Amino acid sequence: MKRQVIQTTLAVAVSLMLVVAVGSAQSSARASANIPFDFHVGNTTLPSGQYLVKSGTPTIDTLVIQSKDGSRSAIAMTHGVKSIQSDSAAKLVFNQYGTNYFLSQVWNPSDSIVRGLVKTKAEVEVARQVRGAQTTVVALEKH
């Protein structure tokens, strides 16, 4: 009984955190991109297509990426990598290992910082197996 109460409490807390993160991201820096390849955001794999990109507030370091039709999405925690100037190009930066693409950074001048994503275990494993990693950039259109 006690274990069930703890699990329920944890589930509710996680759900509330996600709602707050998504709600905060919806009122923050927004942009869209046409991503021409399947890619990974955190532990989620998304197919190629049109996506909306919403970054969190300065106090909530989240990134929400959602297909334009709303059928697919991913949420990832980010960290500030460096400050960017307002005239910097808005873009998504992917680490490419062969045919595998992992979202690495989001450059959105209206957000004022470059948001970086932590490499997942899957990305580290793919990077070990594939030599000659490359960087691929996709333009973001600001909203």
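This is a short exchange about a predicted model of one protein chain.

Biologist: What is the order of the elements from the N terminus on?
Modeller: The protein chain has two helices and eleven strands. A helix comes at the start, and another sits between runs of strands. Written out, the order is α-β-β-β-β-β-β-β-β-β-α-β-β.

Biologist: What share of the residues in the protein chain is buried?
Modeller: Buried means under 20% relative accessible area. The protein chain has 143 residues, and the buried share of them is 41%.

Biologist: How much area does the protein chain expose?
Modeller: Carbon and sulfur atoms supply 54% of the exposed area. The total for the protein chain is about 8400 Å².

Biologist: Among contacts between residues at least 6 apart in sequence, what share joins residues at least 24 apart?
Modeller: Contact here means heavy atoms within 4.5 Å. Of the contacts in the protein chain between residues at least 6 apart, the share that joins residues at least 24 apart is 59%.

Biologist: Which residues touch the most other members of the largest nonpolar core?
Modeller: That core has 22 residues. Strand 1 (30–35), strand 2 (39–41), strand 4, strand 5 (62–67), strand 6 (73–83), strand 7 and strand 8 each supply at least two of them. The residues that touch the most other members are I35, F39, V41, I65, L92 and F94.

Biologist: Which residue is the bridge partner of F94 in strand 8?
Modeller: Strand 7 (residues 91–97) pairs with strand 8 in the antiparallel sense, over seven bridges. Leaving out residues up to four places away in sequence, F94 touches residues including I35, F39, F102 and V138. Its bridge partner in strand 8 is L103.

Biologist: Why is strand 8 described as largely enclosed by the rest of the structure?
Modeller: Strand 8 covers residues 100–107. It is largely enclosed because, of its eight residues, the number buried is seven.

Biologist: Which residue takes a positive phi in the hairpin of strand 7 and strand 8?
Modeller: This hairpin has two residues between the strands. The phi in question is near 65°. The residue is G98.

Biologist: Which residue takes a positive phi in the hairpin of strand 8 and strand 9?
Modeller: Strand 8 and strand 9 (residues 113–117) pair in the antiparallel sense over three bridges. Five residues lie between the strands, and one has a phi near 70°. That residue is S112.

Biologist: Which side chain does Q105 join in a polar contact?
Modeller: Q105 is in strand 8. Beyond four places in sequence, Q105 touches V81, K91, L92, V93, V114, R115 and G116. Its side chain makes a polar contact of 2.9 Å with that of W107.

Biologist: Is R115 buried or exposed?
Modeller: R115 stands opposite V106. The relative accessible area of R115 is 1%. The cut-off for buried is under 20%, so R115 is buried.

Biologist: How many residues apart in sequence are the parts that D61 and R115 tie together?
Modeller: The side chains of D61 and R115 meet in a salt bridge at 3.2 Å, N to O. D61 lies in the loop between strand 4 and strand 5, and R115 in strand 9, so the separation of the tied parts, in residues, is 54.

Biologist: Where do R128 and E125 lie?
Modeller: A search of the whole structure finds two salt bridges. R128 and E125 form one of them, at 3.2 Å, N to O. R128 counts as exposed at 62% relative accessibility, while E125 is partly exposed at 36%. They are three residues apart, about one turn, and both lie in helix 2 (residues 121–129).

Biologist: Which residue is the bridge partner of L52 in strand 5?
Modeller: Strand 4 is mostly covered, with six of its seven residues buried. Six bridges join it to strand 1, running antiparallel. Five bridges join strand 4 to strand 5, also antiparallel. In strand 5, L52 has as its bridge partner Q66.

Biologist: How far apart in space are S48 and D38, C-alpha to C-alpha?
Modeller: S48 sits in the loop between strand 3 (44–46) and strand 4 (49–55). S48 touches I35, P36, F37 and D38, residues up to four places away not counted. In sequence, S48 and D38 are ten residues apart, but in space the C-alpha distance is 4.6 Å.

Conventions:
Residues numbered from 1 in each chain as written. Predicted model: local features only at pLDDT ≥ 70, side-chain atom pairs only at ≥ 80, totals over all residues. Heavy atoms only, no water. Helix = DSSP H or I, 4+ residues; strand = E, 2+ residues; numbered from the N terminus. Buried < 20%, exposed > 50% of the residue type's maximum accessible area, 1.4 Å probe, protein only. Pairing = 2+ DSSP bridges. Areas by Shrake-Rupley, 256 points an atom, 1.4 Å probe, with all protein chains shown as cover. Core = buried A, V, L, I, M, F, W, Y, C linked by side-chain atoms within 4.5 Å. Salt bridge = Lys/Arg side-chain N within 4 Å of Asp/Glu carboxyl O. Polar contact = N/O pair within 3.5 Å; in protein donor to acceptor, adjacent residues only side chain to side chain.
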